[in-house]
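Subject: Structure for your review

Dear colleague,

Please find below the structure that I am handing over to you. A summary of what was found in it follows, and I would be grateful if you read the two together.

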Amino acid sequence: MEIIKSYDIGKVIGTNSAGTNGDIIFFKVSKYTLGYTGIKVLPRYGADYKGITIPPDIYVPATLEGVRKGEDEILQAAIQYLNTHTN
C-alpha cells in the first residue's frame, strides 16, 4: 500500500492496514507456538511502520451485516469508484 500511495498510482480503498510488517517467525515453547515479525521494513521517508497503520484513501469498512449477506462491501466500493472515476 505504501508504494501505491507514495507513487500516487491508484487509490487504496478499505480499512487501515494491520500496523505490522516483515516475515513472521514462529517457534514452539513447550506446547505453545509463539511468533514475531523478523524484518524491519521502512517506508520511503524512513519512519517505522511497526504499530502504525497505513490509512486508505477511501475508508470503507466491512460490516457484520454485509458479511452475513455474503457481500464484499470493499470490492463493491472499489467497483463503484472505478465506474465513476474512469473515462
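I begin with the surface. Phe27, Val29, Tyr32, Leu34 and Tyr36 together make a nonpolar surface patch of about 490 Å². Two elements, strand E2 (24-29) and strand E3 (32-37), each give two or more residues to this patch. The largest share, 3 residues, comes from E3. Please bear in mind that the model is a predicted one.

One member of the patch may be taken as an example. Tyr32 lies in strand E3. Is Tyr32 buried or exposed? Its relative accessibility is 52%, and the cut-off for an exposed residue is over 50%, so Tyr32 counts as exposed.

A second site concerns Asp57, which is placed in the loop between E3 and E4. Asp57 has a relative accessibility of 37% and therefore counts as partly exposed, since that class covers values between the buried limit of under 20% and the exposed limit of over 50%. Which residues does Asp57 touch, once its neighbours within four places in sequence are left aside? They are Lys5, Gly10, Lys11 and Val12. With one of them, Lys5, the contact includes a polar one: the side chains of Asp57 and Lys5 make a polar contact at 2.9 Å. Asp57 may also be set beside Thr15, which is 42 residues away along the chain; the C-alpha atoms of these two residues are separated by 9.2 Å.

Turning to the protein as a whole, there are 3 helices and 4 strands, and from the N terminus on the elements follow the order α-β-β-β-β-α-α. Of its 87 residues, 16% count as buried. The accessible surface comes to about 6800 Å², and carbon and sulfur atoms account for 58% of that area. As for contacts between residues at least 6 apart in sequence, 53% of them join residues at least 24 apart.

Finally, a word on confidence. The mean pLDDT of the protein is 85, with 82% of the residues reaching 70 or more. Among the elements, strand E4 (residues 58-59) has the highest mean pLDDT, at 96, whereas helix H1 (residues 2-6) has the lowest, at 79. Predicted coordinates should not be read in detail where pLDDT is low.

With kind regards

Methods: Residues are numbered from 1 along each chain as its sequence is written. This is a predicted model: local features need pLDDT of at least 70, side-chain atom pairs count only at pLDDT 80 or more; totals for chains, interfaces and linings use all residues. Side-chain values use heavy atoms; hydrogens and water are left out. pLDDT is the predictor's confidence in each residue, from 0 to 100. Buried means under 20% relative accessible area, exposed over 50%, partly exposed in between (1.4 Å probe, protein chains only). Contact means heavy atoms within 4.5 Å. Accessible areas come from the Shrake-Rupley method with a 1.4 Å probe; for residues, only the protein chains shown count as cover. Patches are made of residues with over 30% relative accessible area and no salt bridge: like charges are joined within 9 Å, nonpolar side chains (Val, Leu, Ile, Met, Phe, Trp, Tyr) within 5 Å. A salt bridge is a side-chain nitrogen of Lys or Arg within 4 Å of a carboxyl oxygen of Asp or Glu. A polar contact is a pair of N or O atoms within 3.5 Å; within protein, one must be able to donate a hydrogen and the other to accept it, and residues adjacent in sequence count only if both atoms are side-chain atoms.
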